[in-house]
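Me: Please take a close look at a single part of the structure shown here. Pick one side chain, describe its surroundings, and then place it in the chain as a whole.

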Amino acid sequence: MIVVVASLGGGTGIGSINMVIDVCADYVGKAVMAIVSLPNPHIDENINAFEALKEIVPKLEEFREDTEGNSYRALENLIIIDNKKIIDEHIQAVEKGTIEVNLSWDRYSNYKVASVLHEWNVATTLESINRSMQRTSKINYS
């Protein structure tokens with residue numbers, strides 16, 4: 001599986017993610033999973049993220065066919081990470097003293113993303129869960 005990661009607030013991530021997903025799915029021949037992060041609340045960035053998601057989400061149910069007649073999904077999985085939620089959790093954890101004060105929010109954020117990927121890895125290695133996941137599209141919110 002190829003994992004494509006982008007931020008949806010500015011221009012670079014949202015300007016390229018759909019093309020990268022298509023190239024990976026169509027020409028590399030591997031299943032594609034996207035991890036996208038929502039921007040901190042700001043009207044322009046929220047509009048950018050919404051417009052990008054309008055193009056990404058339908059790919060979860062879009063089936064394509066290769067030159068040999070094999071069917072594949074344009075996008076297998078989508079994980080949406082809410083930066084604002086992670087920042088707020090970090091601030092609360094520091095205030096409550098449940099994490100080290102010197103643990104910066106970006107390291108905390110990396111930990112949260114790694115935790116999601118770890119859980120995904122564990123879940124997809126379990127045969128019973130893996131079979132059911134192959135039949136359905138999943139959107140995961142962190």
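Reply: Arg 64 is the residue to follow: its relative accessible area is 16%, so Arg 64 counts as buried. The model is a predicted one, and the values below are computed from it.

Arg 64 belongs to strand β3, which spans residues 63-65. With neighbours within four places in sequence set aside, the residues in contact with Arg 64 are Asp 22, Asp 26, Lys 59, Asn 70, Ser 71, Tyr 72 and Ala 74. Two of these contacts are acidic side chains that make polar contacts with Arg 64. The side chain of Asp 22 is joined to that of Arg 64 by a polar contact of 2.8 Å. A second polar contact, of 2.9 Å, runs from the Arg 64 side chain to the side chain of Asp 26.

Side chains of opposite charge can pair when their charged atoms come close. Arg 64 and Asp 26 form a salt bridge, with an N to O distance of 2.9 Å. This salt bridge ties together distant parts of the chain, since Arg 64 sits in strand β3 and Asp 26 in helix α1, 38 residues apart. The two partners fall into separate classes of accessibility: Arg 64 is buried at 16%, whereas Asp 26 has a relative accessibility of 31% and is therefore partly exposed. The pairing is also part of a wider arrangement, a network of salt bridges that links Asp 22, Asp 26, Lys 59, Glu 62 and Arg 64. The salt bridge count is 7.

Another two salt bridges can be set beside this one. In the first, Lys 54 pairs with Glu 51, and their closest N and O atoms are 3.3 Å apart. Lys 54 and Glu 51 are 3 residues apart in helix α2 (residues 43-56), so about one helical turn separates them. Lys 54 is partly exposed, because its relative accessibility is 47%, and Glu 51, at 36%, is partly exposed as well. In the second, the side chains of Arg 73 and Glu 76 meet at 3.7 Å, N to O. Arg 73 has a relative accessibility of 8% and so is buried, while Glu 76, at 21%, counts as partly exposed.

Helix α1 also has a nonpolar side to consider. It covers residues 12-28 and contains Val 23. Val 23 is partly exposed, because its relative accessible area is 37%. Together with Met 19, Tyr 27 and Val 28, Val 23 makes a nonpolar surface patch of about 460 Å².

For the wider setting, the chain has 5 helices and 6 strands, which follow one another from the N terminus as β-α-β-α-β-β-β-α-α-α-β. Strands β1 (residues 2-7) and β2 run parallel and are joined by 6 bridges; one of the pairings matches Ile 2 with Val 32 in β2. Strand β2 (residues 32-38) is largely enclosed by the rest of the structure, because 6 of its 7 residues are buried.

Over the chain of 142 residues, 31% count as buried. The accessible surface amounts to about 8900 Å², and carbon and sulfur atoms account for 53% of that area. Of the contacts between residues at least 6 apart in sequence, 62% join residues at least 24 apart. The salt bridge between Arg 64 and Asp 26, with partners 38 residues apart, likewise links distant parts of the chain.

Note on methods
Residues are numbered from 1 along each chain as its sequence is written. This is a predicted model: local features need pLDDT of at least 70, side-chain atom pairs count only at pLDDT 80 or more; totals for chains, interfaces and linings use all residues. Side-chain values use heavy atoms; hydrogens and water are left out. Patches are made of residues with over 30% relative accessible area and no salt bridge: like charges are joined within 9 Å, nonpolar side chains (Val, Leu, Ile, Met, Phe, Trp, Tyr) within 5 Å. Accessible areas come from the Shrake-Rupley method with a 1.4 Å probe; for residues, only the protein chains shown count as cover. A salt bridge is a side-chain nitrogen of Lys or Arg within 4 Å of a carboxyl oxygen of Asp or Glu. Helices (H or I, at least four residues) and strands (E, at least two) are DSSP runs, numbered from the N terminus. Buried means under 20% relative accessible area, exposed over 50%, partly exposed in between (1.4 Å probe, protein chains only). A polar contact is a pair of N or O atoms within 3.5 Å; within protein, one must be able to donate a hydrogen and the other to accept it, and residues adjacent in sequence count only if both atoms are side-chain atoms. Contact means heavy atoms within 4.5 Å. Two strands pair if DSSP finds at least two bridges between them.
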